[in-house]
Structures are given as structure tokens and as C-alpha cells.
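Visitor: I keep hearing structural words and never know where they come from. Could you show me a model and let me ask how you know?

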Amino acid sequence: MRMEHPAYSQLRPVTESVSVVLCPNPGYASLEGTNSWVIRAEGDTHSIVIDPGPEDEGHLNVLGAKAEKVGLVLLTHHHPDHADGAHRFRQLTGAPIRAFDPTACAGDGTPLIDGDVVSVDGVTPQVEVVHTPGHTADSACFFIWSGKPGESTLEGIITGDTIAGRHTTMISETDGDLGQYLDTLRLLEERGQGVTLLPGHGPEGDDVSAFARKYIDRREHRLNQIREVHSRLGEDVDLKTLIDEMYDDVDPVLRHAAEQSTRVALRYLAKQ
């Protein structure tokens, strides 16, 4: 019987070469938990692990056991629920770590560059690296090819927090950028048609492009709401009033998230 999300601490196959181990760290931002991805075709002697997750000893031990001989660790971005366990995982496996953030790299892992093709001895699939800033400055998506990029099957796109399997995602106020994020979403809409979504949180999806379009429409809707309130109440309207006008039914638990999203959107509009 085929396993379905969420299946904690199991190696759950998703595509021919991609499986996931779900970390038991559920929460408002992480949904059921962090998806740690294992890239390895049948018969391969080694694997690539993407996003080991938080520094959760139980999860890291399970992930190491399921991934067996880990040749490389890749990080979609630096946030703790994706990356904090990477250095402990390196201690357990000996695998180097590569990320866009040079401070996150370890071993002989060099910083990632947009357009990199990552190949590891003993691993048949290859990983195309695409820099996708917006959620954070160092966010990357990993296009998982069954062999060489462009000459094999694009099995899926691992999106980290750029696109989640359910709900929308936050943009970091410290190093995120809504303009870059919209550009990233347009790129994923164009390149992700009919391609399996392999998100950082939540279940996989059938079509990256459809998720990206939904995300774009949602952001544009919020921007238009701000423009409408500004035209009615003036551009110097205070944040609380603006949010009350935009989110007439917001759950008090989500108020902070609404405030952060609105501040990010205001920063974007101020640049226009």
C-alpha cells in the first residue's frame, strides 16, 4: 500500500528517485513538519539529502539510517527548521554541505551558484540548482532530473519554503523581498508546468506551475487591497487600521503573520 503524507520517520517514496522523511516538528509555520528529501535511484550506492531539518537527534538518526551512504547535503535556505540539523547530520554521515549561504557550507562543500548541476558519485539523478530569492535572499529550488538535466526526466522541483504544499508562505522581513519573490514565482510558473511539487512543508503537488500562479494571484490581491485602502483612507493610514480593513476575518493567532505580510507588501509598494 502506498504511503501518504504525513508519514513520520518513514522513508516515503514520492517519485522514481525522490523519497521524503518527515520530521516530527509540526507547527503553525512548518505545517505537519519539515520534509527532508532523499535523492537516490534504485540500485544507487549513495544518496543526496536536501534539508536535514532542525537539530532533532531522533530525526537526524532516522534520516541517516534511511538515506544510508550520504554523498552530499544540500540546503534550500538557512532557516532553522530546514538547516539547523545540517552540521550534526554531517557529524553522523561525513557528508559535505552546500548552500547559497557560504557560512552554511561545510566539509569540502562549495557555495552553490545559480545554474549549477550537482552530481555525486554513486547517485544517478542530477540536481539543477536555481537561485529563487524572495522568501529569503539565499533561497534555492532544486530541479531533480532522473539523469542529466535536459536529457532526462524532470521528476520534481524541491522548493523549500518558496512554495509550500498547502497555504501560502511568509517572506522574511530581514532578507526577503516581495519583488524578487514575484519574479521567482513567475519563473516557477513558466518552468514548472506539469512538474511535481516537492515542498519544504506539506504534501507534494501535481503541478508546480498551478501553485505558483495561485501564489502570484494571492499576492496581487493583497497589493490591490492596500492600494484600495490607501485611495480611500490615505497613504498615511496606520498599520492596525490597514490590516483591519484588509483582513476582516483574520484569526487572532494569525494577526502577527498578517502584520508581517503587510509590512513586506508596503515596502514593495514604496519602491514602485
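Visitor: Where does Asp51 lie?
Guide: Asp51 sits in the loop between E4 and H1. Those labels are DSSP runs, numbered from the N terminus: helices (H or I) have at least four residues and strands (E) at least two. Keep in mind that this is a predicted model, where local features need pLDDT of at least 70, side-chain atom pairs count only at pLDDT 80 or more, and totals for chains, interfaces and linings use all residues. Residues are numbered from 1 along each chain as its sequence is written, and side-chain values use heavy atoms, with hydrogens and water left out.

Visitor: What is special about phi of Asp51?
Guide: Its phi is near 60 degrees, a positive value in a residue other than glycine. Most residues other than glycine have a negative phi, and most peptide bonds are trans.

Visitor: Which two residues are joined by a cis peptide bond?
Guide: His5 and Pro6, with omega at about -5 degrees. You'll find Pro6 in the segment before E1.

Visitor: How do you know which strands are at the edges of the E1-E2-E3-E4-E5-E6 sheet?
Guide: Count partners: two strands pair if DSSP finds at least two bridges between them. The six strands form an open sheet with mixed pairing. E1 and E6 (97–98) each pair on one side only, which puts them at the edges.

Visitor: What makes E3 and E4 a pair?
Guide: E3 (residues 35–39) and E4 (residues 47–50) share three bridges, running in the antiparallel sense. Three meets the minimum of at least two, so they count as paired. Inside that pair, Val38 stands opposite Val49 in E4. Helix H1 (residues 57–67) packs on this sheet, touching E2 (18–22), E3, E4 and E5 (70–74).

Visitor: Why is one side of E7 left without a neighbour in the sheet?
Guide: E7 (117–118) and E11 (197–199) stand at the edges with a single partner strand each, so one side of each stays free of a neighbour in the sheet. Their open sheet has five strands, ordered E7-E8-E9-E10-E11, and again the pairing is mixed. Within it, E8 (residues 126–131) and E9 (residues 140–145) pair in the antiparallel sense over six bridges. His131, for instance, has Ala140 in E9 as its bridge partner.

Visitor: Why is H4 called roughly perpendicular to H7?
Guide: It comes down to an angle from 0 to 180 degrees between N-to-C directions, using axes fitted to C-alpha atoms, for helices over the stretch in contact. Under 35 degrees counts as roughly parallel, over 145 as roughly antiparallel, 65 to 115 as roughly perpendicular, and the rest as oblique. H4 (residues 178–191) and H7 (residues 255–271) cross at roughly 90 degrees, with axes that come within 9 Å. That falls inside 65 to 115, so the two are roughly perpendicular. In contact (heavy atoms within 4.5 Å) are Leu178, Gly179 and Leu182 of H4 with Val264, Ala265 and Tyr268 of H7.

Visitor: And what makes H4 roughly antiparallel to H5?
Guide: Their axes cross at roughly 150 degrees and come within 8 Å. That is over 145, so H4 is roughly antiparallel to H5.

Visitor: How do you know H5 is oblique to H6?
Guide: H5 (residues 208–233) and H6 (residues 239–246) pack at about 120 degrees, with their axes 10 Å apart. None of the other ranges holds that value, which makes H5 oblique to H6. Residues meeting here include Ile226 and Val229 in H5 and Leu242 and Met246 in H6.

Visitor: What makes Arg12 and Glu204 a salt bridge?
Guide: The rule wants a side-chain nitrogen of Lys or Arg within 4 Å of a carboxyl oxygen of Asp or Glu. Between Arg12 and Glu204, the closest N and O atoms are 2.9 Å apart, so the pair qualifies. Arg12 belongs to E1 (residues 12–13) and Glu204 to the loop between E11 and H5, so the pair ties together parts 192 residues apart in sequence.

Visitor: How many salt bridges does that rule give?
Guide: The count comes to 16.
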